[in-house]
Amino acid sequence: MSNPNPPATEETHAAGSNINPVDNKFTERLSHVLSDLGRNGIFIALVAVVVLFAFLTDGILLRPQNISNLVVQNGYILVLAIGMVMVIIAGHIDLSVGSVAAFVGACSGVFAVQWGLPWWLAVILSLGIGALVGVWQGFWIAYVGIPAFIVTLAGMLIFRGLALVVLGNANIGSFPTEYRALGNGFLSNVFGEFELDPLTLGVGALAIVILVVQQVRSRRGRVKYGQDVEPLAWFITKLVLISAAIGFFAYALASYKGIPVTLIILGVLVLVYSVVMNRTVFGRHIYAIGGNRHAAELSGIKTRRVDFWLFVNMGFLAALAGLIFTARLNLAGPKAGDGFELEAISAAFIGGAAVQGGVGTIGGAIIGGLIIGVLNNGMSIMGIGIEWQQAVKGLVLLLAVAFDVYNKRRSGGH
């Protein structure tokens with residue numbers, strides 16, 4: 001009776017040794033690339049949405065004016081998204097940011113227009129009011145123990161009502177030129193008038209150089225310490241594609257009006273808050289609280305203090321968003337801030353924040369906000385009605401959260 005499983009011969013071992021190393025190398029590289037694509041899925045989604053609407057609008061979406069408008073028209077949402085993702089990472093939510101933005105915008109109108117205060121003093125006082133709003137809400141959440149959902153829902157009603165009281169159900173307009181620059185200003189013609197603004201091109205080139213240097217140094221550091229690195233070809237491909245995107249963006253801005261002041265504000269905020277979340281004790285505490293609040297308390301983290309300062313920060317950023325929006329319209333009105341909270345929350349979740357907390361990044365929230373902005377801009381160019389725009393954005397939010405839940409179940413999470 002023959003053996004159904006004969007022992008392996010030297011030839012079969014030799015054949016396996018000839019094939020397996022190559023297959024393993026290819027499989028390992030492919031696995032690394034796929035894993036990297038998964039980690040950067042939100043960026044790929046942004047590129048896909050841009051390409052789709054560029055095709056559907058016959059390239060109109062990628063015209064320099066529309067690219068500049070994408071930043072200017074959505075700047076206040078991106079500012080709110082930065083604060084909102086921090087709140088969500090800690091396991092909270094803030095429904096009041098739209099009303100706070102409207103209230104602070106109304107206050108700035110009183111300061112700058114009706115009282116005639118210097119524009120810079122009006123801005124400082126308005127930001128201070130936003131921080132005080134955060135103190136008020138943070139106290140109830142952190143030290144009284146009322147859930148953030150309830151406190152900020154009440155805040156949404158309170159500060160919407162106060163905005164109407166301050167405005168007297170009327171509009172306040174004609175802000176000083178310097179104030180309007182927060183929402184409509186551009187940094188251009190610094191070196192004279194050119195067809196392409198040299199300052200904008202220089203900033204874009206500097207951004208590419210910094211990106212390349214930082215990525216190369218990071219890769220060398222991982223190689224030096226024997227850590228796993230991505231295949232060199234994939235590493236170079238990513239750098240080329242990202243550099244090309246930055247270059248195209250800088251070229252578009254340079255050929256229009258230059259760098260928007262709103263983009264400068266956003267750039268500073270992204271840099272500062274990325275450092276806070278990734279390189280400070282406060283940032284690590286936020287992630288720890290969102291991951292497991294009880295464990296964080298047992299480890300000695302002052303969770304109440306962290307929650308309190310999170311909402312002070314959110315109030316400050318909501319005030320800044322209100323100033324940018326008011327400056328862009330050159331008007332403080334009763335309808336300001338409507339729906340801002342939904343846009344900011346959507347940006348955070350589309351950008352990869354987890355519903356349960358503990359997961360999320362500043363960069364992801366910004367990309368999520370840009371996806372919403374591209375959807376708004378693209379559908380407006382196509383002439384799609386506001387009712388369908390809302391439906392599409394709601395569907396995108398649902399799919400983003402469903403994808404997050406699917407990933408958690410696949411990885412064995414609960």
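Ser 96 counts as buried, because its relative accessibility is 0% and the cut-off for buried is under 20%. Ser 96 lies in the loop between helix 3 and helix 4. Leaving out residues up to four places away in sequence, Ser 96 touches Gln 137, Thr 152, Gly 155 and Met 156. Ser 96 also helps to line the largest cavity. This is a predicted model. Its pLDDT averages 87 over the protein, and 89% of the residues score at least 70.

**Confidence**

- Helix 5 (residues 119–144) has the highest confidence, at a mean of 96.
- Helix 1 (residues 10–39) has the lowest, at a mean of 59.
- The pLDDT falls below 50 over residues 10–17. Beyond near neighbours in sequence, that stretch has 2 contacts in the model.

**The cavity**

- How many cavities of 30 Å³ or more does the structure hold? There is 1.
- The largest cavity contains about 40 Å³ of space.
- Its lining includes Asp 94, Val 97, Val 100, Gly 134 and Gln 137. Phe 311, Met 314, Gly 315 and Ala 318 are also among the lining residues.
- Helix 4 (97–114), helix 5 and helix 13 (303–329) each give two or more residues to this lining.
- Which helix gives the most? Helix 13 does, with 4 residues.
- Gln 137 appears twice in this picture: Gln 137 lines the cavity, and Ser 96 touches Gln 137.

**The second largest pocket**

- This pocket has a volume of about 620 Å³.
- It is lined by 25 residues. The closest to its centre are Glu 343, Ile 372, Asn 376, Gln 390 and Lys 393.
- Helix 3 (64–89), helix 14, helix 15 (362–381) and helix 16 (386–410) each give two or more residues to the lining.

**Helix 14**

- Is helix 14 (residues 340–350) mostly covered or mostly open? Helix 14 is mostly covered, with 10 of its 11 residues buried.
- The buried residues include Phe 340, Glu 341, Ile 345 and Phe 349.
- Glu 343 is buried too, and Glu 343 is one of the residues closest to the centre of the second largest pocket.
- Just after this helix, Gly 352 takes a positive phi of about 110°.

**Aromatic rings**

- The whole structure has 11 aromatic pairs.
- Phe 111 and Trp 115 form a tilted pair, because their planes meet at 55°, and a tilted pair lies between the stacked cut-off of 30 degrees and the edge-to-face cut-off of 60. Their ring centres are 5.4 Å apart.
- Are these two partners buried or exposed? Phe 111 is buried, with a relative accessible area of 11%. Trp 115 is exposed, with a relative accessible area of 57%.
- Phe 175 and Tyr 179 make a stacked pair. Their centres are 4.6 Å apart, with 20° between the planes.
- Phe 175 is buried at 2% relative accessibility. Tyr 179 is buried at 0%.
- Which residues do ring pairs link into a cluster? They are Tyr 76, Phe 325 and Phe 340. Phe 340 is also one of the buried residues of helix 14.

**A charge over a ring**

- The charged end of Arg 219 sits over the ring of Phe 235. The distance to the ring centre is 5.0 Å.

How values were computed
Residues numbered from 1 in each chain as written. Predicted model: local features only at pLDDT ≥ 70, side-chain atom pairs only at ≥ 80, totals over all residues. Heavy atoms only, no water. pLDDT = per-residue confidence, 0-100. Contact = heavy atoms within 4.5 Å. Buried < 20%, exposed > 50% of the residue type's maximum accessible area, 1.4 Å probe, protein only. Phe/Tyr/Trp six-rings, centres within 6.5 Å; stacked < 30°, edge-to-face > 60°. Lys NZ or Arg CZ within 6 Å of the ring centre and 35° of its normal. 1 Å grid on protein atoms, 1.4 Å probe; cavity = no way out; pocket = protein on both sides within 12 Å on 5 of 7 lines; lining within 4 Å. Points joined across faces, edges and corners; volume = space filled by probe spheres on them.
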